[in-house]
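I set out to look up one strand and its partners, and then the unusual backbone geometry. My notes follow the structure.

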Amino acid sequence: MPKCLVLLLAAIALVVPSAQVMAQSDPNPAMNNPDKLSWELFIQVNSRAGGTNSVFETYASDTDLFQPVPSYPTNPTTLSLHPLILPALARQAALDAGVLLPALPPDTSATLEETRHNRPVFDFIVQNNLYKRSGLKAAFGKTLSFPIDSIEVKANWIPIEQVPKWTNNQVSVTDAPKFFHINSNSANKKFALVAMHVITKQVPNWTWATFESRFNPGRCDTIGCHDSFGAKDANVMPQPNKHGQQYPDCVKTPELAAMLAKADIEPAYTNYCLKGSQTDFVDNTGLDTRLGNSVTEDGFVPTSSCLSCHGRAAFDSNGAATSVAGFINVNVNPPIGPLGPLLPSWYWTFTGQPPISQGSPGLTRFGTSADFVWSIPLCAIDDSTNPPQPSGCSGK
């Protein structure tokens with residue numbers, strides 16, 4: 001072989017990785033292995049932060065953020081809880097239309113929630129004045145994009161005395177700390193964590209993961225439970241013609257069990273299950289994807305898509321939300337949430353000739369994207385009055 005060819009091949013070998021190395025390298029775990037990433041995020045936000053607190057309880061709550069003078073906490077803060085926002089908005093809108101939506105199991109009437117924002121989210125919202133209505137008016141028509149290290153957590157809690165009823169008497173109040181993360185509000189009332197959403201900006205449309213206590217009634221109803229990384233039974237199908245029943249424990253795979261064993265995390269967190277992750281609006285056959293938590297999305301799991309719903313997080317030129325929490329029909333039972341890709345009609349009016357695309361003549365904007373963050377149009381304080389009206393998302 002000529003010497004020049006030998007040198008050329010050697011040079012190529014230095015710069016081109018072998019097939020084995022390429023196979024081991026994953027440049028985009030958020031899209032290629034989302035269930036594994038979901039568990040890594042779960043461990044990150046639930047690692048110990050001193051006392052009874054987890055890391056996510058050091059993040060700013062809606063109460064910290066949506067104030068005339070937002071303040072990021074310097075230490076873990078007590079629970080800042082309010083009633084479930086999405087089910088409440090759906091029911092109120094239906095009542096306004098003269099429709100009564102009957103409750104579906106599980107009974108979430110005693111369930112409360114809070115949303116927490118890590119420092120990059122907090123800083124982005126404050127620096128862009130997105131915590132108040134005047135700031136939204138100024139931001140209308142602009143492109144908002146959170147930094148890639150942004151993390152948001154929505155947590156759902158029940159009073160600890162409700163645990164026996166919630167678990168169908170499988171767990172007593174005394175034993176609740178063995179199976180649930182427990183923390184207290186400012187009145188020192190104890191609550192048990194039953195569900196959690198975790199989202200991050202690691203990809204442009206965020207990553208989406210939802211977790212539930214293994215004891216949650218109806219945990220896998222309607223859309224099933226899916227975890228290709230952490231659960232030995234990766235796909236649990238919903239029980240036909242039943243609602244609010246108990247499902248088997250999500251027995252952990254050796255890989256996840258090893259991760260949890262090495263983590264600085266409460267043992268109780270091993271009793272939570274990944275309900276599912278979402279990475280795209282549709283699958284590779286064009287079918288709409290779904291992801292909904294039996295607690296957070298109580299009553300509308302059948303048409304629940306985190307991506308599609310949060311994709312409707314938008315505000316108009318007056319700084320008001322352009323829809324009722326993303327619902328496309330709240331006058332039926334259950335309310336209908338959006339599925340599939342975002343639609344131009346959610347943001348634009350169009351008087352031209354189809355097809356509609358970027359730069360099409362005849363487009364008039366009426367909504368500005370909040371970059372999938374519902375807290376912005378739903379929780380911004382109304383600072384048009386003096387003093388400003390408090391946020392509807394503030395907890396106690």
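The entries below record what I looked up.

**Entry 1. Status of the model.** I note at the outset that this is a predicted model.

**Entry 2. Burial of β4.** I began with strand β4, which spans residues 151-159. How many of its residues are buried? I found that nine of its nine residues are buried, and the strand is mostly covered.

**Entry 3. The two faces of β4.** I recalled that side chains in a regular strand alternate between the two faces of the sheet. I therefore listed each face separately, in keeping with that alternation. On one side I recorded I151, V153, A155, W157 and P159. On the other side I recorded E152, K154, N156 and I158. Every residue in both lists is buried, and both faces of β4 are thus covered.

**Entry 4. Partners of β4.** Which strand pairs with β4 over six bridges? I identified β3, residues 112-117, and the pairing is antiparallel. Within this pair, E113 stands opposite N156 of β4. N156 is itself one of the buried residues of β4. I then turned to β6, residues 190-200, which pairs with β4 in the antiparallel sense over nine bridges. Here I158 of β4 stands opposite A192 in β6. I158 is also listed among the buried residues.

**Entry 5. Cis peptide bonds.** I next examined the backbone, bearing in mind that most peptide bonds are trans. I logged a cis bond between P354 and P355, with omega of about 5 degrees. P355 lies in the loop between β12 (348-350) and β13 (363-365). I logged another cis bond between N386 and P387, where omega is about 5 degrees. Where is P387 placed? I located P387 in the segment after α13 (375-379).

**Entry 6. Positive phi angles.** I kept in view that most residues other than glycine have a negative phi. N168 is not a glycine, yet its phi is positive, at about 55 degrees. I placed N168 in the loop between α9 (163-166) and α10 (176-179). Is N168 buried or exposed? I read a relative accessible area of 56% for N168, so this residue is exposed, the cut-off being over 50%.

N188 likewise has a positive phi without being a glycine, in this case about 65 degrees. I found N188 in the loop between β5 (182-184) and β6; β6 is the strand that pairs with β4 over nine bridges. The relative accessible area of N188 is 60%, and N188 is therefore exposed.

Notes
Residues numbered from 1 in each chain as written. Predicted model: local features only at pLDDT ≥ 70, side-chain atom pairs only at ≥ 80, totals over all residues. Heavy atoms only, no water. Buried < 20%, exposed > 50% of the residue type's maximum accessible area, 1.4 Å probe, protein only. Helix = DSSP H or I, 4+ residues; strand = E, 2+ residues; numbered from the N terminus. Pairing = 2+ DSSP bridges.
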